Amino acid sequence: MKENKEEQINCEEQEMNKEEECTQQESAQQESAQQESADNTQQAENENPEEEEEKDPLAAAQEEIEQLKDQVLRKAAEFENLRKRTIKEKAELILNGGEKAIVTILPIIDDMERAIENGTKTDDPKVLREGMEIIYHKCIKALESLGVKTIDTTDADFDTDEHEAVAMVPGMGDDKKGKVIDCIQTGYKLNDKVIRHAKVAVGQ
């Protein structure tokens, strides 16, 4: 009888142990499933950072507006600097634009000073004339280096774009009609632009 009770007790203990093992296994399985679920969630978050870091549309628009404002301010500052620099360069050009011409003419003035000084030492008109001619040709070459050229009037047809008629000469014949007979004052061009019309007498 006693043996039967012991066997029964042993059986009950074994069943309890089995139930406890099953409970532990189920608990372990649940923990494993929870861990796996957490890992999957973390992986999904890592794979979709844009969803996690998605910004509020209003905040994104305000940030873009600030960037555009900064760009506009920078461009405005660059334009203002360019405008000031252009004004300064233009003012310097107006103030010192004739520097090249002046530098070109200065040697001619030196020649004229020497000619005046030498003129007091001689009364020979031929010497004085030769000195004047040298200075004149030097002056013409200096003007040509600056883009200035004389307007040719030799046997030229009268042209209102280049000539100014100050006198009409009748009785010169048909072949001289509308032709330049004489140049009263030389005209000049600067880079093909007439800066002074030639004053001429025209055949009628």
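Which residues of α5 are buried? That was my starting point today, and I kept in mind that I'm working on a predicted model.

**Entry 1: the helix itself.** I looked up α5 and found that it runs over residues 125–145, 21 residues in total. From first C-alpha to last it reaches 30 Å, close to the 30 Å expected at 1.5 Å a residue.

**Entry 2: the buried side.** My opening query came back with Ile135, Ile140 and Ala142 as the buried residues of α5. They sit on the same side of α5, because they cover an arc of only 160° around the axis. I then checked what lies over them: the cover on these buried residues includes α4 (99–119).

**Entry 3: the other side.** I turned the helix around and listed what is exposed there: Lys126, Arg129, Ile134 and Lys141. I noted Ile134 in particular, since it is exposed on that side, whereas Ile135 is buried.

**Entry 4: the two ends.** At the start of α5, I found a side-chain oxygen of Asp124 within 3.1 Å of the backbone nitrogen of Lys126. Past the other end, I looked at Gly147, just after α5, and read a positive phi of about 90°.

**Entry 5: cysteines.** How many disulfides does a search of the whole structure find? I got 0. While there I pulled up the accessibility of two cysteines. Cys139 has a relative accessible area of 28%, so I logged Cys139 as partly exposed. Cys183 also went down as partly exposed, with 28% relative accessibility. For both I used the window between 20% and 50% that defines partly exposed.

Notes
Residues are numbered from 1 along each chain as its sequence is written. This is a predicted model: local features need pLDDT of at least 70, side-chain atom pairs count only at pLDDT 80 or more; totals for chains, interfaces and linings use all residues. Side-chain values use heavy atoms; hydrogens and water are left out. Helices (H or I, at least four residues) and strands (E, at least two) are DSSP runs, numbered from the N terminus. The expected span of a helix is 1.5 Å times one less than its number of residues. Buried means under 20% relative accessible area, exposed over 50%, partly exposed in between (1.4 Å probe, protein chains only). The arc is that of the directions from the helix axis to the C-beta atoms. Contact means heavy atoms within 4.5 Å. A polar contact is a pair of N or O atoms within 3.5 Å; within protein, one must be able to donate a hydrogen and the other to accept it, and residues adjacent in sequence count only if both atoms are side-chain atoms. A disulfide is a pair of cysteine sulfur atoms within 2.5 Å.
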